[in-house]
Amino acid sequence: MRRPARSTPLRSTYRLQLRPDALTFADAAAIAEYLQQLGVSHLYLSPVMTAAHGSTHGYDVTDPTTVSAALGGPGGLKALSDEVRSRGMGLIIDLVPNHVGVGDPRQNAWWWDVLRHGPDSQFAHYFDIDWSPANGAGGRLALPVLQNENDPAALTVDRSGPEPMLALHDLRFPIAPDTDGDNALRIHDKQHYRLVSWKSGLCSYRRFFAVSGLAALRQEDREVFEATHRELAAWCEHELIDGVRVDHPDGLSYPAAYLSRLRSLIGPHRLLLVEKILANREPLDATLPIDGTTGYDALADIGGVLIDPDGERTLTELSQHFAGHGSDRAWIGEKQHRIKRAVAESILAPEIRRLVAAVKRDAGVNGFDASGISDMALTNATIEVLAFLPVYRVDYAPLAGMAGAVVADVEKRNSELTAPLSVLVAALAAGGEAAVRFSQVGGAITAKAVEDTMFYRAARLVSLQEVGGNPGRFGHSLNEFHLANSERAQRWPATMTALSTHDTKRGEDVRARIGVLSQVATRWARSVATWQKSTPGPDGATTLFLLQNMFGVWPADGRPAASVPGLRDRLHRFAEKAIREAGEHSSWEEPDPEFEASVHTWLDAVIDGPVGSGLGDLVHELAPHAWTDALSQKLLQLCGPGIPDIYQGCELWEDSLVDPDNRRPVDFATRVGMLQSLTGTPGLDTTGAAKMWIVAYALWLRRERPDCFVGGTYLPLFATGEQASKLVSYARGRTGEAPEIIVAATRHSVSLAENGWADTVMDLPPGTWTDRLTGHTFQGRARLEKLFARLPVALLVR
């Protein structure tokens, strides 16, 4: 029986990171009442399809045709949908169209069939596989799974089941019909696949970035689309869901065409968001049939306006002294190009080879004779263009002409590349396979070089090094912030805004606290210099990078870090990931045990010694300012243009670092108890009650006056007086009517603690305004020292 269409307007989302061991559909249903009381309108679920056994994130989907039994199966999903709908709420689902998990072939029936039957498999066209004789594996499917040169000797035949399998340690691989009956190595040589070293640079299928355990799907094939979206179609038919978030559309062959087909499937009224990482000042393609992004652009705007530009010079000099570079715009521009080239020439070498082969073929289609151009020259020219692309991919409508401009710049820098560049241009102009792979590889290079490498090398102010951010820009001005918000309100009123996600490098409150260092740059620089003398770090850049992250998660209540359960281990795991991602002294491919040991030794010395004490003292002293920035960014997000998403647990203070740290189970019992016990305006303390107070009142107001938010007006407001620049304020209202809501937030609070608001005032629009957070009323000209007497933020309602 078809269920009635949803009537609950989308006002806000609450992201739940589902995992079989901690948060199933049933667990989510159990906290639905709490989320309803908090004011959330929709639950936003991480991927729900069958994933690799034990997956704590769900992006390694092994069967895109079934709902995960480990999470509760289709019955559990329906029960959750019924529960939230009975409370006037809805569901948003995270969709993973780009890839499936193949790390354990036995768990993926499609992949298993391809390995068994090769190009004749009924699923061979589901994947983007190079079966050509020139693929480096003799026309076989190269699987980069061998860990060392002795691995082939470890191959055996497992005959314990109904059919024999090749066994390599814990992995199993199918044996093609009529190829058994010999020793393991000879059987292997008869298969449609070839096991190769992960260091060999061979991989004959398109992957998610450089993750060999995630094989890309060909969504441009209608059969593939229908097979992988059959469940989604059923959810829509039975009104189980209210929208989808599309994971990594930039990896698809034709993102715009895919999104058009997806929009047709889900209908015109369901929310459709894309995980699109926009580069600095890159516009979102308005021709796409979507409602917006998942909010990294808003994250950069909101965090940026709280950064104090006065700290830039000192922190740049500190980075120069410790890291050997300023981590500034000039360094980032140069370093980004070099890292992109290195990524293209190493971990993405298989993708580059396949792209160059396609370039040669497609140039020939256009009648271009490339016989005189060597593969080396063509590869070099292609990589050089990709390395200078300032965006993930250039085939979106607003970016028309960008590829040509980059080619022109590359040719101007190196005239010797003119001939191979002509081959590349001829191929891209053909609009075929080469053009598609060019965009796909460009996105992979950018992701691996920028977010996954450079953001771990820059050390000036690490809170700027966030997905969708630009550490070369030291903060945003008030005017820039307001214009970005105004455009978001007009062009993308239903886009998502976020402060924390499962992909952020640091949680929102950690970033807020680190951002305060821009206000005390001189003091921070002196402290770091003193600590380096007391307890020298492994090297300058690593030391400066890790000290900032430790500052961000150190206990604010004065306790030693060693006394906080699990913190030491979390810091060690974060440090190991950070230095391997940076790739300068150690890496995932070639770990340096000696350097890593020195980092771990230093970390323990910091935690247990005088540096830890000094760090703790500074954190404790600056905690009120960190909380001020955390509350300011939270209220600016919750009431700003778009649909705000709250990442699980972030209604209280949180101290998450990069994944998997940010996917730790959340203590919902504590949050339920705190929400039920909130009375009176809480102060700034370690409990996080003030943050929950603000989250709840903002969400309740969105529920009370929805027309003032999604689709509502946005009006920048400014203060006058000595400290006018310390106020971030705007008004919201219904279209065509006077403002009804004013959001006011404090920034750069360190200097305010010394000098106060003095004569600074804000002229309010006509009417009597009541602060929902404190109950105080204001009219006409409001003195900011009174407006912020209790909290560093205000939520005024006319």
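## A walk through the model, starting at α4

Select residues 109–117 to bring up helix α4, a mostly covered helix with seven of its nine residues buried. Keep in mind as you click around that this is a predicted model.

Now show the side chains along α4. Trp110, Trp111, Trp112, Asp113, Val114, Leu115 and Arg116 are the buried ones. Step back to Asn108 at the start of the helix: one of its side-chain oxygens comes to within 3.1 Å of the backbone nitrogen of Trp110. Then hop to the other end, where Gly118, just after α4, has a positive phi of about 65°.

Next stop: the open sheet. Colour its eight strands in the order β16-β15-β14-β5-β2-β1-β18-β17, and you'll see that the pairing is parallel. Which strands stand at the edges? Those are β16 (292–293) and β17 (496–497); each has a single partner strand, so one side of each is left without a neighbour in the sheet.

Zoom in on β1 (residues 13–16) and β18 (residues 643–647), a parallel pair joined by three bridges. To find your place there, pick Thr13, which sits opposite Asp645 in β18. Now add residues 610–639: this is helix α23, which packs on the sheet and touches β17 and β18. The direction of α23 makes about 135° with that of β18.

Another helix to put on screen is α8, residues 255–266. It lies across β5 (90–95), β14 (243–246) and β15 (271–274), and runs at about 155° to β15.

Move on to β7 by selecting residues 141–146. Is this strand mostly covered or mostly open? Mostly covered: five of its six residues are buried. Add residues 193–197 to see β11, which runs parallel to β7 and is joined to it by five bridges. Within this pair, look for Ala142, which stands opposite Arg194 in β11.

Last, go to Ser463, in the loop between α16 (433–451) and α17 (478–491). Why does Ser463 count as buried? Its relative accessible area is 10%, and buried means under 20%. So who is around it? Leaving out residues up to four places away in sequence, Ser463 touches Ile307, Arg511, Ile514 and Gly515. Try a distance label from Ser463 to Gly515: the two are 52 residues apart in sequence, yet 6.0 Å apart in space, C-alpha to C-alpha.

Methods. Residues numbered from 1 in each chain as written. Predicted model: local features only at pLDDT ≥ 70, side-chain atom pairs only at ≥ 80, totals over all residues. Heavy atoms only, no water. Buried < 20%, exposed > 50% of the residue type's maximum accessible area, 1.4 Å probe, protein only. Helix = DSSP H or I, 4+ residues; strand = E, 2+ residues; numbered from the N terminus. Pairing = 2+ DSSP bridges. Polar contact = N/O pair within 3.5 Å; in protein donor to acceptor, adjacent residues only side chain to side chain. Contact = heavy atoms within 4.5 Å. Axes fitted to C-alpha atoms, helices over the stretch in contact; angles between N-to-C directions.
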